[in-house]
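Hi everyone, thanks for having me. Please bring up the sequence and the model side by side, and we'll walk through them together.

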Amino acid sequence: MKITSKHNIETKEVFAEGALGVSMQILIGEEQGSSEIIIRNFTIAPNGYSLHHKHDYEHLVQISRGEGIFVDNDGTEHKVTPGHNIFIGKNEMHQFQNRSNADFEFTCTVLNQKHNSTS
């Protein structure tokens with residue numbers, strides 16, 4: 001067992017073409033002793049956005065702070081706020097946008113691809 005606080009975990013800026021104002025923390029991962037689950041915390045600054053992208057694995061997103069826009073596989077925009085949970089399937093295009101004047105924050109939970117098959 002390991003207890004951590006996001007307030008003591010390093011925040012790293014996400015530098016990628018097609019993303020703006022995104023930072024990430026790894027809340028749970030190999031450094032915390034988890035070989036199978038990774039939980040990342042993302043913060044998107046006002047007027048920022050993540051990549052419009054897809055993965056070859058499923059993941060779960062939980063909105064924890066602020067107000068944002070989730071763009072789904074079909075390009076439909078959904079307003080999301082704390083308490084919303086989003087399941088994103090394999091190879092589904094998605095993006096998060098922050099059109100507000102405050103930070104937008106969410107966690108993303110995935111299985112560690114090093115230790116689990118994606119097929």
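I'll talk about some aromatic rings, then two pockets, and then a couple of single residues.

One thing before we start: what you see is a predicted model.

Let's begin with the rings. How many aromatic pairs are there? The count comes to five. Take Phe42 and Phe106 as an example: their ring centres are 5.4 Å apart, with 20° between the planes, and the pair is stacked. Now find these two along the chain. Phe42 sits in strand 3, residues 37–49, while Phe106 sits in strand 9, residues 104–111, so this pair ties together parts that are 64 residues apart in sequence. Are these two residues buried or exposed? Both Phe42 and Phe106 are buried.

Phe106 has another partner, Phe96. Here the centres lie 4.2 Å apart and the planes meet at 25°; planes under 30 degrees apart count as stacked, so the pair of Phe96 and Phe106 is stacked. Phe96 belongs to strand 8, residues 95–97, and Phe106 to strand 9, so this pair also links distant parts of the chain, with their positions ten residues apart in sequence. If you'd like to see how burial is decided, the cut-off is under 20% relative accessible area. Phe96 comes in at 4%, so Phe96 is buried. Phe106 has 5%, and therefore Phe106 is buried.

Now let's put the rings together. Which residues do the ring pairs link into a cluster? They are Phe42, Phe70, Phe96, Phe104 and Phe106.

Keep Phe42 in view, please, while we turn to the pockets. The largest pocket holds about 310 Å³ of space. It is lined by 20 residues, and the closest to its centre are Phe42, Ser50, His53, His55 and His94. Which strands supply at least two residues each to this lining? Strand 2 (20–28), strand 3, strand 4 and strand 9 do. As for chemistry, the lining of the largest pocket has 14 nonpolar residues, five polar and one charged.

On to the second largest pocket, with about 260 Å³ of space. Its lining includes Ile9, Glu10, Lys12, Met24 and Arg40. Strand 2 and strand 3 are the elements that give two or more residues to it, and strand 2 gives the most, with three. How do the residues of this lining divide? There are four nonpolar, three polar and five charged.

Next, a single residue in a strand we have already met: Thr43, in strand 3. Its relative accessible area is 15%, and because buried means under 20%, Thr43 counts as buried. What does Thr43 touch, leaving aside its neighbours within four places in sequence? Thr43 is in contact with Gly21, Val22, Ser23, Arg65, Asp103, Phe104 and Glu105. You may remember Phe104 from the ring cluster.

Last stop: Asp56. You'll find Asp56 in the loop between strand 3 and strand 4, which spans 59–65. Its relative accessibility is 43%, and partly exposed is the range between 20% and 50%, so Asp56 counts as partly exposed. Asp56 also shows how the chain folds back on itself in space: Asp56 and Asn91 are 35 residues apart in sequence, and 5.2 Å apart from C-alpha to C-alpha.

That's my tour, thanks for listening!

Key:
Residues numbered from 1 in each chain as written. Predicted model: local features only at pLDDT ≥ 70, side-chain atom pairs only at ≥ 80, totals over all residues. Heavy atoms only, no water. Phe/Tyr/Trp six-rings, centres within 6.5 Å; stacked < 30°, edge-to-face > 60°. Helix = DSSP H or I, 4+ residues; strand = E, 2+ residues; numbered from the N terminus. Buried < 20%, exposed > 50% of the residue type's maximum accessible area, 1.4 Å probe, protein only. 1 Å grid on protein atoms, 1.4 Å probe; cavity = no way out; pocket = protein on both sides within 12 Å on 5 of 7 lines; lining within 4 Å. Points joined across faces, edges and corners; volume = space filled by probe spheres on them. Nonpolar A, V, L, I, M, F, W, Y, C, P; charged D, E, K, R; others polar. Contact = heavy atoms within 4.5 Å.
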